[in-house]
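This report walks through one protein model, going from its overall architecture to a few individual residues. Please keep the sequence and the structure in view while you read.

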Amino acid sequence: MKKTLVLCTILFSIFAFSQEKSGAKQFWKNLQQQCGKSFEGQVTEGTDNDAFRNKKLVMHVRNCDKNTIRIPFFVADDKSRTWVLTYKNDRIELKHDHRHEDGSEDKITQYGGTTTNSGSSTLQFFPADQKTCDLLPNAAANVWWITLDETSFTYNLRRIGSDRLFTVKFDLTKTVPTPSAPWGWKD
């Protein structure tokens, strides 16, 4: 009986530890591998008069803690935007931190959403949360998503029920020089 109990305990332990990590955890680990690196991107979907078109777009995976990843997103000399991803309870939250040049928060900031499931190792969806709906009523139908694989990172926004679609794709195969600190940060 003791041998059977010991054998069952060992088999259970092996089974428990051999289980594949969730999609969210795999995505998180893959994104953390980019920490400290900067990449150039381009708009692949959006309106022709989009304010980001024909400007230098750089993301810098600047800060990676166990449960928070901060990614400043520069549009030419505009250093006002940082994507803040937070991992908690096998879900990932995306917030948009917008700052003025003096470092103070913009009145439209900290909007975004949290994944409703674990997602996959290469794709995470973020429907607008209640704070976003309260702050930006027109954004109640927003869904953001990020794709991540060995060669690219894409940030996407779709406003459900409209033609609004925005995608910027970053080439992860080529790093670029690290930009100076975004507004509100210190080097």
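Two residues are said to be in contact, or to touch, when they have heavy atoms within 4.5 Å of each other. The model is a predicted one, in which local features need pLDDT of at least 70 and side-chain atom pairs count only at pLDDT 80 or more, while totals for chains, interfaces and linings use all residues. Residues are numbered from 1 along each chain as its sequence is written, and side-chain values use heavy atoms, with hydrogens and water left out.

## Overall architecture

The protein chain contains 3 helices and 11 strands, where helices (H or I, at least four residues) and strands (E, at least two) are DSSP runs numbered from the N terminus. Read along the sequence, these elements follow the pattern α-α-β-β-β-β-β-β-β-β-α-β-β-β. Among the contacts in the chain with a separation of 6 or more, 44% are between residues 24 or more positions apart. Of the 187 residues in the chain, 42% are buried; buried here means under 20% relative accessible area, exposed means over 50%, and partly exposed lies in between (1.4 Å probe, protein chains only).

## Helix H2 and the nonpolar core

Which residues of H2 are buried? They are Gly23, Ala24, Gln26, Phe27, Trp28 and Leu31, and these buried residues pack against S4, S5, S6, strand S8 (123-127), S9 and S10.

In soluble globular proteins, nonpolar side chains tend to be buried together. A nonpolar core is a set of buried Ala, Val, Leu, Ile, Met, Phe, Trp, Tyr and Cys residues joined through side-chain atoms within 4.5 Å, and the largest such core in this model has 32 residues, of which Ile71, Trp83, Leu85 and Phe153 touch the most other members. If residues up to four places away in sequence are not counted, tryptophan 83 touches Met59, Ile69, Arg70, Ile71, Phe73, Leu94, Lys95, His96, Phe153, Tyr155 and Phe170.

## Individual residues

The table lists some residues with their elements and their relative accessible areas.

| Residue | Element | Relative accessible area | Class |
|---|---|---|---|
| Threonine 68 | strand S4 | 16% | buried |
| Valine 75 | strand S4 | 5% | buried |
| Histidine 98 | strand S6 | 15% | buried |
| Leucine 135 | helix H3 | 29% | partly exposed |

The contacts below leave aside neighbours up to four places away in sequence. Threonine 68 is in contact with Trp28, Asn63, Val84, Leu85 and Thr86, whereas valine 75 touches Phe52, Lys55, Lys56, Leu57 and Arg81. The C-alpha atoms of valine 75 and arginine 53, which are 22 residues apart along the chain, are separated by 9.4 Å.

Histidine 98 touches Ser80, Arg81, Ser104, Glu105, Asp106, Ile108, Thr109 and Tyr111. Leucine 135 touches Lys107, Ile108, Thr109 and Tyr111, and its C-alpha atom is 8.6 Å from that of threonine 109, although leucine 135 and threonine 109 are 26 residues apart in sequence.

## The disulfide

A disulfide is a covalent bond between the sulfur atoms of two cysteines. Here it is counted as a pair of cysteine sulfur atoms within 2.5 Å, and by this rule the count comes to 1 disulfide. The link joins cysteine 35 to cysteine 64, with an S to S distance of 2.4 Å, and it is right-handed, with 115 degrees about the S-S bond. Because cysteine 35 lies in the loop between helix H2 (23-32) and strand S1 (38-45), and cysteine 64 in strand S3 (residues 63-64), the pair ties together parts that are 29 residues apart in sequence. Cysteine 35 counts as partly exposed at 30% relative accessibility, and cysteine 64 is partly exposed at 24%.

## The largest pocket

On a 1 Å grid over the protein atoms alone, a pocket is an open set of points where a 1.4 Å probe fits, with protein on both sides within 12 Å along at least five of seven lines, and lining residues have an atom within 4 Å of a point. The largest pocket has a volume of about 470 Å³, a volume being the space filled by probe spheres set on the points. Of the 22 residues that line this pocket, the closest to its centre are Phe52, Tyr111, Tyr155, Leu157 and Arg164. The largest share of the lining, 3 residues, comes from S10. The lining divides into 12 nonpolar, 5 polar and 5 charged residues, where Ala, Val, Leu, Ile, Met, Phe, Trp, Tyr, Cys and Pro count as nonpolar, Asp, Glu, Lys and Arg as charged, and the others, Gly among them, as polar.
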